[in-house]
Structures are given as C-alpha cells and as structure tokens.
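Me: I am new to this structure and would like to understand how its labels are earned. Could we go through them one by one?

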Amino acid sequence: MGIIVKQTIKSSIYAYLGVALGFFTTSWLMPHSMTTEENGLVRLLWSITVLLVQFSNLGFNTAGIRYFPHFRDEKNSNNGFLFLSCMISLIGFVICMGLFSIYKPFIYKLLNAEPSGILEENLYSIIPLTLFTLYFNVFDNYAKSLYNATTGTFWKEFGQRIFIAISIIIFLLKLVNFQVFIILWQIAICLPTLVMIGKVWYDGNLNLKPQLNFLTPQLIRGIASLSALTFLSGLPRRS
C-alpha cells in the first residue's frame with residue numbers, strides 16, 4: 001500500500017474521530033458546563049477567528065499549494081517558500097487586525113452578534129487565536145506539500161478537540177473559573193501550531209532564509225493572480 005493511500009486512510013480515521021468528539025463537546029459538554037452567554041462567547045470568538053484567518057492569509061494558501069512544485073528543491077530549502085508563506089501571512093495578519101479594530105461593528109453584524117460586556121472583556125483572545133490558527137495552516141500546508149498529510153490532520157481534527165474537551169471538563173468540575181477556562185481553551189487551540197512547527201523542524205524542513213531572487217516576474221504574477229482570485233472569492237456578499 002502506497003504512502004499516500006496510508007496517509008489518506010489515517011487522515012480519514014482522525015477526521016471521523018474528531019467529528020464524533022466535536023459533536024459530543026458542542027452538543028453535551030458545553031451546554032452542561034456553561035451558561036448560554038458563556039457558550040455563545042466561545043462560539044463567537046471562534047467564528048471571528050475563522051473569519052479573520054480566512055482573509056489573513058491573503059489567498060496565499062491556495063496559491064502556495066498550486067505553485068509549490070515550482071519551489072520544490074530539497075537541497076536548496078525549497079527556494080525560500082516557507083519564508084514567503086510566513087511573511088505574506090504576517091502582513092495579512094497585521095492588516096486584518098487593524099481593519100478589525102476599525103470595523104468591529106460590521107464584523108458583529110456579519111456574524112449576527114451583539115456586542116456585550118463579556119465579549120469586550122475577552123476580545124483580546126482574538127489576537128493569539130487568529131495568529132496561531134493562521135500559522136497552523138501555513139505549516140500544515142507546507143507539511144502536506146512535503147507529503148506529510150497526517151500530522152496536521154491528527155492535531156487539528158482530533159488532538160485539538162481532545163484538549164478542548166479536557167479544558168471544558170475541568171471547567172465543568174468547577175476546578176477553574178471561566179476566565180481561566182478561556183486561557184485553557186486558547187492553549188488547546190494554539191497547541192497544534194507549535195506541534196506542526198516542531199514537526200517541520202524535526203523533519204529538517206524549517207528554513208526561513210529568504211530567497212527572493214528566485215521569484216521571477218512570471219512566478220510573482222501567477223501567485224498574485226491566484227491569491228487575489230482566492231481572496232476575492234471569499235469576501236462576504238450582500239444577499
């Protein structure tokens with residue numbers, strides 16, 4: 001059985017286990033451990049995070065996967081692809097955080113959310129959640145391009161949800177208050193990113209040396225065009 005087939009089977013198993021665990025967490029654990037307001041806050045923070053991550057990568061994740069074969073060169077650290085991906089994501093993150101601070105009312109309206117005291121108190125959580133989730137996608141896509149499709153799937157679909165469930169159980173048992181739970185929940189969300197960075201490093205592929213001389217005008221145009229198309233296709237539209 002080929003490596004790709006084995007990884008596909010493993011990824012499918014992790015995904016199904018994650019769906020089952022996620023259903024148990026959202027349908028039973030959260031409603032039985034949190035008030036309606038607390039439950040709503042956690043869901044809203046995650047919804048905002050997903051929205052910001054979607055735009056922070058500036059469409060490069062899709063373009064990166066498509067154009068990675070042009071960069072592939074194991075002996076030359078894949079021609080600075082990881083550096084390029086990290087820098088574009090960082091630029092997008094800074095832009096999105098700035099726009100979010102200005103257009104918060106629009107974001108709330110887009111998500112059918114009402115601003116509240118508990119939301120404003122915990123809104124700072126958006127920064128690490130967005131940053132770590134964004135870079136999880138960066139390193140997961142990079143690992144997948146290097147034929148490691150299982151590590152990211154396991155930690156995102158299953159491992160992360162295990163730690164989220166544990167943090168909720170700790171809160172359910174009243175071992176911590178809600179503010180400490182939010183911290184534990186953030187750690188559970190951020191942990192897979194650290195694992196992915198560690199895995200890329202362990203495999204000898206963590207090289208952030210820029211190689212901008214490799215970027216030809218034709219390659220830049222192709223990446224920019226596909227990134228722009230991906231970005232614009234994800235913009236919310238009025239119904």
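Reply: Helices are DSSP runs of H or I with at least four residues, strands are runs of E with at least two, and both are numbered from the N terminus. This is a predicted model, in which local features need pLDDT of at least 70 and side-chain atom pairs count only at pLDDT 80 or more, while totals for chains, interfaces and linings use all residues. Residues are numbered from 1 along each chain as its sequence is written, and side-chain values use heavy atoms, with hydrogens and water left out.

Me: What makes R161 and E157 neighbours along a helix turn?

Reply: Both residues lie in helix α8, which covers residues 150-172, and they are four residues apart, about one turn of the helix.

Me: Why is the contact between the side chains of R161 and E157 called a salt bridge?

Reply: A salt bridge needs a side-chain nitrogen of Lys or Arg within 4 Å of a carboxyl oxygen of Asp or Glu; the N to O distance from R161 to E157 is 3.6 Å, so the pair qualifies.

Me: How do you know whether D140 is buried or exposed?

Reply: Buried means under 20% relative accessible area, exposed over 50%, and partly exposed in between, with a 1.4 Å probe and protein chains only. D140 has 7%, and therefore counts as buried.

Me: What is K144, the salt-bridge partner of D140, called on that scale?

Reply: K144 has a relative accessible area of 37%, which lies between the two limits, so K144 is called partly exposed. The side chains of K144 and D140 meet at 3.2 Å, N to O.
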